[in-house]
Amino acid sequence: MANVVVVGAQWGDEGKGKIVDWLSERADVICRFQGGHNAGHTLVIDGEVYKLHALPSGVVRAGKLSVIGNGVVLDPWHLLKEIATIRAQGVEITPETLMIAENTPLILPFHGELDRARESQNSVAKIGTTGRGIGPAYEDKVGRRVIRVADLADGPTLELRVDRALVHHNALRSGLGLEAIDRDALIAQLKEIAPKILEFAAPVWKVLNEKRKAGKRILFEGAQGALLDIDFGTYPYVTSSNVIAGQAATGVGVGPGAVEFVLGIVKAYTTRVGEGPFPTELHDADGERLGTRGHEFGTTTGRKRRCGWFDACLVRQTCAISGMNGISLTKLDVLDGFETLKICTGYELDGKQLDYLPTAADEQARCTPVYEEMPGWSESTEGARSWNDLPANAIKYVKRIEELIDCPVALLSTSPERDDTILVTDPFAD
């Protein structure tokens, strides 16, 4: 049976939560493999709305194992608050249903303070960070001074890790005009929270490899979107981890052979939160209409999203980089009522035609979109559950997207409700 990786193919906010929930009903294990609680997934199940940030989407499904992998950076205080919130909505979360990799790096309070101080004092170019400490935590991981879940189990080791981190951070904070970190208070905080986190800790790599041998279906859940990837995104306006499908294996501790189907989540138009280039961004009534109809406000930050026409050039690029076998096209219903729709098929840069977004930031900023126009439709697509329910022009729009991105549509989503989904290709099929 196939194991499926779900990744965003744009700048995030593509509707991954609903699709992961839709797929998780058929999976045995659902794994988060990168990112932090800067991600936000909204699930709507039987009218109940669940907002998840650190927890994998599978936690709302009884009988499933949800996993937070080592590729994630985890704020333990936020996690416990989120668990309490979801439990209050009637969802059972126990060590039998939630597992955290022992080698998962922790986001500590000073990571968020550093994140926010840098952004507020940056007079050159703001990145648009959420200020939750994700970037500084990843820096500490690479700098070999991060505290990991397993360190919470041993007092002397924990204190040694804290001392190593503070040598770096107190020097950095001094330069930013921040007070030194209270070592003893931090250690006390960590020791207090340790047993609450350690009850979920496990050797995830071992468990997942055993699950694979037993023929269990694994769903790998990505956060953010491929255009925010630290290597392949619109750098430096990116997140601090690898977002693309290749990260799924290293982010939980399985071999690349465990990934058998890559599903890219693609919004029927384009949105972005924060700073950075956005070739098809609209600053007119059409852009406002997309934002209003699509309820384009960030789940995590509440920030208004920038909106624009569908960029087939960018999605073709992210499909290739992640090796996508199919896409799930979401929010088609937001386009209902547009007389004319535009699709970006390439760019013009300094008089030259390009069929990809260049790597250099200054060139990205100078790219202007080359559009192809298509007729819209006046009928409603909201809630459609078969091709027969769709207007002819909506079908033509979907088919044209498939041609331009060189990747087939496997799923088509027509509302936030999980069952308003048209299945074309089953990602879990053998």
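**Exercise 1. Describe the geometry of helix H6 and the packing around it, beginning with the kink.**

*Solution.* Step 1: a kink of about 30° lies at glutamate 192 in H6, shortly before proline 195. The model examined here and below is a predicted one.

Step 2: turn to the helix as a whole. H6 covers residues 183–198, 16 residues in total, and its span from first to last C-alpha is 22 Å, close to the 22 Å expected at 1.5 Å a residue.

Step 3: inspect the N-terminal end. Aspartate 182 caps H6 there, with a side-chain oxygen 3.3 Å from the backbone nitrogen of aspartate 184.

Step 4: identify the buried residues and their cover. Leu186, Ile187, Leu190, Ile193, Ala194 and Ile197 of H6 are buried. The elements covering the buried residues of H6 include helices H2 (76–88), H3 (109–121) and H5 (155–176), together with strands E6 (98–101) and E7 (201–202).

**Exercise 2. Determine which strands pair with E1, and explain why E1 is largely enclosed by the rest of the structure.**

*Solution.* Step 1: E1 pairs in the parallel sense with strand E9 (residues 261–267) over 5 bridges. Within E9, leucine 263 is the bridge partner of valine 6.

Step 2: E1 also pairs in the parallel sense with strand E8 (residues 218–221), over 3 bridges. Here valine 5 stands opposite phenylalanine 220.

Step 3: consider the two faces. In a regular strand, side chains alternate between the two faces of the sheet. In E1, Val4, Val6 and Gly8 point one way, whereas Val5 and Val7 point the other way, and all are buried.

Step 4: because 5 of the 5 residues of E1 (residues 4–8) are buried, the strand is largely enclosed by the rest of the structure.

**Exercise 3. Characterise the largest nonpolar core and the contacts of leucine 208.**

*Solution.* Step 1: the largest nonpolar core has 57 residues, and those with the most contacts inside it are Leu208, Phe220, Phe310, Leu332, Tyr397 and Ile405. Helix H12 (residues 392–405) supplies the largest share of this core, 6 residues.

Step 2: with neighbours within four places in sequence left aside, leucine 208 is in contact with Val29, Cys31, Val67, Ile218, Val252 and Val254.

Step 3: another core, of 36 residues, lies apart from the largest one; Tyr50, Leu74, Leu158 and Ile181 are among its residues.

**Exercise 4. Is threonine 414 buried or exposed, and which backbone oxygen lies 2.8 Å from a polar atom of its side chain?**

*Solution.* Step 1: threonine 414 is located in the loop between strands E17 (409–413) and E18 (421–423).

Step 2: its relative accessible area is 0%, so threonine 414 is buried.

Step 3: the backbone oxygen in question belongs to alanine 384.

Definitions and conventions. Residues are numbered from 1 along each chain as its sequence is written. This is a predicted model: local features need pLDDT of at least 70, side-chain atom pairs count only at pLDDT 80 or more; totals for chains, interfaces and linings use all residues. Side-chain values use heavy atoms; hydrogens and water are left out. A nonpolar core is a set of buried Ala, Val, Leu, Ile, Met, Phe, Trp, Tyr and Cys residues joined through side-chain atoms within 4.5 Å. Buried means under 20% relative accessible area, exposed over 50%, partly exposed in between (1.4 Å probe, protein chains only). Helices (H or I, at least four residues) and strands (E, at least two) are DSSP runs, numbered from the N terminus. Contact means heavy atoms within 4.5 Å. The expected span of a helix is 1.5 Å times one less than its number of residues. The bend at a residue is the angle between axes fitted to the seven residues ending there and the seven starting there. A polar contact is a pair of N or O atoms within 3.5 Å; within protein, one must be able to donate a hydrogen and the other to accept it, and residues adjacent in sequence count only if both atoms are side-chain atoms. Two strands pair if DSSP finds at least two bridges between them.
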